[in-house]
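Colleague: Hi! Got a few minutes to go through this model with me?
Modeller: Sure, let's bring it up.

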Amino acid sequence: MKKNDEFELEITGMTAEGSGVGHIDGMAVFADLTAVGDTILAHAIKVKKNYTVAKAMEIIKPSPDRVEPDCPVFRRCGGCAYRHISYEAELKIKQQRVEDAFHRIAGLPLNIRDIIGSEETQGYRNKAQLPVGEEQGKIKTGFFSRRSHNIIGCESCLLQPEAFSDIAEQVRNWAEENHISVYDENSHKGLLRHIYIRAAKDCREILVCLVINGSNIPRAEKLWERISAKGATGLVINANKEKTNVILGTKNKTLFGKGSITDTLCGTEFEISPLSFYQVNRAQAERLYSLAAEYADLDENTVLLDMYCGVGTIGLTMAKKVKQLIGVEIIPDAIEDAKKNAERNGITNARFICGDASLAAAELEKEGIKPDVIILDPPRKGCDEALIKTVAKMSPKRVVYVSCDPATLARDCAVFADLGYTVPEENGKHFVTPVDLFPKTVHTECVVKLCCATHSN
Ligand code: SAH
């Protein structure tokens with residue numbers, strides 16, 4: 001195979017990034033914007049030793065999964081990967097991805113349970129972080145393109161509630177009228193970097209946070225007039241004066257209204273401040289947490305350790321069923337929120353520790369804490385091996401692992417297996433359930449139950 005070769009290719013799988021894959025003489029060929037079941041005319045654009053990247057010049061035979069993409073910036077913006085196939089087909093791909101992670105990465109031949117799909121596949125996000133740019137004197141907001149920091153202008157994103165588009169429009173208009181400068185990554189000049197919006201259920205509360213390369217914004221009252229008319233309940237500025245890809249700085253100032261949102265999850269009320277983590281798909285988060293509670297199988301004697309607890313969402317929704325709850329989280333604002341959230345819900349058996357998961361767990365182990373159940377909900381990179389070893393040393397009856405990355409989840413489950421914690425099964429299916437929190441995108445959430453063979457259950 002060499003560059004510019006053209007050949008017929010049948011697409012038989014998808015990569016974790018959402019590209020189609022086929023094989024020619026045992027060599028993997030990746031082609032973007034294709035679907036499993038397509039036969040395409042492929043044009044080789046990059047030929048490497050082990051793989052080829054091709055462009056689909058023509059769809060010779062379309063996959064039965066195909067649908068017409070409904071977004072003008074699909075695949076140019078870095079958000080969605082699956083707007084050209086049906087939701088059923090997307091769920092199958094996600095199910096397969098979790099299965100492959102366990103079978104191929106971890107060497108654990110588990111029988112995965114059926115993925116829990118989302119009722120809403122559009123408008124489900126409660127959070128947007130829109131980069132602000134300029135084009136021919138006009139301010140534009142949108143999303144970074146898939147492979148660069150070029151801003152793809154997008155005035156209304158189908159994954160977000162309509163109110164977000166209205167608010168972004170008001171911010172653009174206010175910025176233009178008031179000659180607010182726009183941040184430029186190369187020169188590190190200009191004020192307005194990102195519009196960060198977060199909403200409670202049904203947009204009952206909407207917090208608008210402007211990320212700025214500075215300490216203040218001029219004519220803020222004019223902006224507040226505009227956005228409060230569109231449903232905003234708070235306006236916050238976040239100072240980020242660093243030359244960095246990290247979106248948010250560490251300092252917030254509330255200019256108008258309320259500087260956080262309050263939302264209800266599984267019957268528990270949570271206040272969430274801008275720097276604290278909050279699941280972007282509220283309805284599916286409730287299903288995820290309910291499943292985690294089922295796997296945790298708690299009673300009034302349970303000591304529950306909630307690692308990577310954020311504002312306390314998982315642990316606090318379970319706190320009233322257990323004897324004691326301990327939460328660990330690294331972001332100070334999130335821990336402050338968690339403490340207030342315990343109080344707000346009349347929960348008195350909870351203790352929260354701000355620190356790194358591995359270090360805090362080691363401390364708790366030294367203190368002689370013996371949790372019956374440990375929840376792990378790490379970011380994409382998964383858990384440190386040191387943490388997994390400490391968890392095993394604490395000898396809980398059950399570990400419930402909530403993960404947003406099947407690959408690191410499977411890797412960590414293999415480490416657990418070596419330490420005697422395995423995934424039990426019932427009716428031929430193991431307790432591994434993918435939950436689709438991110439329809440149309442490549443991301444997949446998952447819940448796993450791990451039990452120790454030396455405990456009775
Ligand atoms: N369980 C929460 C948050 C999950 S997201 C929820 O469902 O809402 C993962 C959390 O881990 C984030 O809040 C992040 O701030 C936190 N985190 C990241 N690295 C950490 C570390 N090394 N130690 C402890 N917490 C960490």
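Colleague: At the start of H9, which backbone nitrogen does a side-chain oxygen of aspartate 405 reach to?
Modeller: That would be the backbone nitrogen of alanine 407, with the oxygen within 2.8 Å of it. Keep in mind that this is a predicted model.

Colleague: Noted. How many residues does H9 have, and what does it span?
Modeller: H9 covers residues 406-418, so by the expected 1.5 Å a residue its 13 residues should span 18 Å. The distance from the first C-alpha to the last is 19 Å, close to that value.

Colleague: And which residues of H9 are buried?
Modeller: Quite a list: Pro406, Thr408, Leu409, Ala410, Asp412, Cys413, Ala414, Val415 and Phe416.

Colleague: What do those buried residues pack against?
Modeller: Among their partners are helix H1 (87-105), helix H8 (385-394) and strand E25 (445-452). Strands E19 (373-376), E20 (398-403) and E21 (421-422) are also on the list.

Colleague: What happens just after H9?
Modeller: Glycine 420 takes a positive phi there, about 95°.

Colleague: Switching to rings. How many aromatic pairs are there?
Modeller: Four in the structure. In one of them, phenylalanine 30 and tyrosine 51 are tilted, with 5.7 Å centre to centre and 55° between the planes.

Colleague: Which parts does that pair tie together?
Modeller: Phenylalanine 30 is in strand E4 (residues 27-31) and tyrosine 51 is in strand E6 (residues 51-61), so the pair links parts that are 21 residues apart in sequence. Phenylalanine 30 is partly exposed at 25% relative accessible area, and tyrosine 51 is partly exposed too, at 30%.

Colleague: What about phenylalanine 416 and tyrosine 421, how are their rings arranged?
Modeller: Edge-to-face, 6.0 Å between centres and 70° between the planes. Both of these residues are buried.

Colleague: Which charged ends sit over rings?
Modeller: Arginine 193 has its charged end over the ring of tyrosine 183, 4.1 Å from the centre. Lysine 449 does likewise over phenylalanine 431, at 4.4 Å.

Colleague: Last topic, the ligand. How many residues surround it, and which are the closest?
Modeller: There are 15 around it, and the closest are Tyr289, Glu329, Asp356, Ala357 and Asp377.

Colleague: Where do the ligand's nitrogen atoms find polar partners?
Modeller: At aspartate 356, an N or O atom of the side chain is 2.7 Å from a ligand nitrogen. Alanine 357 offers a polar backbone atom at 2.8 Å from a ligand nitrogen, and tyrosine 308 has a backbone N or O atom 2.9 Å from one.

Methods:
Residues numbered from 1 in each chain as written. Predicted model: local features only at pLDDT ≥ 70, side-chain atom pairs only at ≥ 80, totals over all residues. Heavy atoms only, no water. Phe/Tyr/Trp six-rings, centres within 6.5 Å; stacked < 30°, edge-to-face > 60°. Helix = DSSP H or I, 4+ residues; strand = E, 2+ residues; numbered from the N terminus. Buried < 20%, exposed > 50% of the residue type's maximum accessible area, 1.4 Å probe, protein only. Lys NZ or Arg CZ within 6 Å of the ring centre and 35° of its normal. Expected span 1.5 Å × (residues − 1). Contact = heavy atoms within 4.5 Å. Polar contact = N/O pair within 3.5 Å; in protein donor to acceptor, adjacent residues only side chain to side chain. Near = heavy atom within 4 Å.
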